[in-house]
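Here is my note on this model, written as numbered points. Please keep the structure open while you read.

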Amino acid sequence: ASHSSMALGYYYLNDLDSALKSVNEGRRIAEDLGIEFRLSYGYFAESLICFAQNDMEKALNAAQTGLRLACNNMEPMYEALSLFSLGRIMGKLNPDQFVAAQDCISKGLKICEELNFRPRVATGHFYLGELLKYFGPKEEALRHLEMAVGMFQEMGMPYFIDKTKELLSSV
């Protein structure tokens, strides 16, 4: 799991090559040890990285694998994160799957709300707003993005504040 967290750090710094190397090293260690616990987190990280690299086939495979592992290992937070990724990827791959993509992100958001994990609730609103910006009602996109930026500001999350304001300016 520490390699996955490190990978996400590299991802947020836009060092995608180092991020992918970190994910792969963490997976290798876990597989060598026969540990599945939190392996889903690594697949979530890989799905974000591959999405950013526009490698949608790898991103989709990683998100689906992460979701399967999270469900099998009863890891609801990582299930939610995998659902977020899966929804984003589905929406980008095939706009005709907008409803299914929105449903994935909404399911992930509901899990985060039930777990009372505000940073990821805000992230869920961000991802819904992002999806809706491209394929849904603009008013709904604005509502989710404004909710997300408000939550990010309350929690002091500058990376996501900037990303959300960037999206808001283009809706």
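1. Start with isoleucine 35. Its relative accessibility is 38%, so it counts as partly exposed; the cut-offs are under 20% for buried and over 50% for exposed. Bear in mind that this is a predicted model. Isoleucine 35 sits in the loop that joins α2 (16-33) to α3 (39-52). It belongs to a nonpolar surface patch with Leu33 and Phe37. Together the three have about 340 Å² of accessible area.

2. Stay in that loop for arginine 38. This residue also lies between α2 and α3. Its phi is positive, near 65 degrees, and it is not a glycine. Most residues other than glycine have a negative phi. Arginine 38 is partly exposed, because its relative accessibility is 26%.

3. Asparagine 14 makes a similar case for checking backbone angles. Its phi is positive, about 65 degrees, and it is not a glycine. Asparagine 14 is in the loop between α1 and α2. Is it buried or exposed? With 60% relative accessibility, asparagine 14 counts as exposed.

4. Now look at tyrosine 11, in helix α1 (residues 2-12). Its relative accessible area is 13%, so it is buried. What does tyrosine 11 touch, beyond residues up to four places away in sequence? Its contacts are Leu16, Ala19, Leu48, Ile49, Ala52 and Tyr159. Arginine 27 is 16 residues from tyrosine 11 along the chain, and their C-alpha atoms are 17 Å apart.

5. Next, the interior. The largest nonpolar core has 52 residues. Ile49, Leu81, Phe84, Phe126 and Phe152 touch the most other members. Which helix gives the most to this core? Helix α5 (residues 76-93) does, with 9 residues. There is also a second, separate core of 5 residues, including Ala30, Leu39, Tyr43 and Leu69.

6. Phenylalanine 84 deserves a closer look. Set aside its neighbours within four places in sequence. Phenylalanine 84 is then in contact with Ile105, Gly108, Leu109, Cys112, Arg120, Thr123, Gly124 and Tyr127.

7. Helix α6 (residues 98-114) allows a simple check of length. Its 17 residues, at 1.5 Å each, should span 24 Å. The expected span uses one less than the number of residues. The end C-alpha atoms of α6 are 24 Å apart, so the two values agree. After α6 comes asparagine 116, with a positive phi near 55 degrees.

8. What does α6 pack against? Its buried residues pack against α5, α7 (118-135) and α8 (138-155). Those buried residues are Phe98, Ala101, Gln102, Cys104, Ile105, Gly108, Leu109, Ile111 and Cys112. In an α-helix there are 3.6 residues a turn, so residues three or four places apart point the same way.

9. Now the charged pairs. Side chains of opposite charge can pair when their charged atoms come close. How many salt bridges does the structure hold? There are 7. Two of them can be traced within α6. Aspartate 103 pairs with lysine 107 at 3.3 Å, N to O. These two are 4 residues apart in α6, about one turn of the helix. Aspartate 103 has a relative accessible area of 37%, so it is partly exposed. Lysine 107 is also partly exposed, because its value is 46%.

10. Glutamate 114 and lysine 110 form a salt bridge, with their closest N and O atoms 3.4 Å apart. They too lie in α6, 4 residues apart, about one turn of the helix. Both residues are exposed. Elsewhere, salt bridges that share partners join Glu25, Arg28 and Asp32 into one network.

11. Finish with arginine 88 and glutamate 130. Their side chains meet in a salt bridge of 2.7 Å, N to O. The pair links distant parts of the chain. Arginine 88 is in helix α5, glutamate 130 is in helix α7, and they are 42 residues apart. Are these partners buried or exposed? Arginine 88 has 10% relative accessibility, so it counts as buried. Glutamate 130 is buried as well, because its relative accessibility is 15%.

Terms used: Residues are numbered from 1 along each chain as its sequence is written. This is a predicted model: local features need pLDDT of at least 70, side-chain atom pairs count only at pLDDT 80 or more; totals for chains, interfaces and linings use all residues. Side-chain values use heavy atoms; hydrogens and water are left out. A nonpolar core is a set of buried Ala, Val, Leu, Ile, Met, Phe, Trp, Tyr and Cys residues joined through side-chain atoms within 4.5 Å. Buried means under 20% relative accessible area, exposed over 50%, partly exposed in between (1.4 Å probe, protein chains only). Contact means heavy atoms within 4.5 Å. Patches are made of residues with over 30% relative accessible area and no salt bridge: like charges are joined within 9 Å, nonpolar side chains (Val, Leu, Ile, Met, Phe, Trp, Tyr) within 5 Å. Accessible areas come from the Shrake-Rupley method with a 1.4 Å probe; for residues, only the protein chains shown count as cover. A salt bridge is a side-chain nitrogen of Lys or Arg within 4 Å of a carboxyl oxygen of Asp or Glu.
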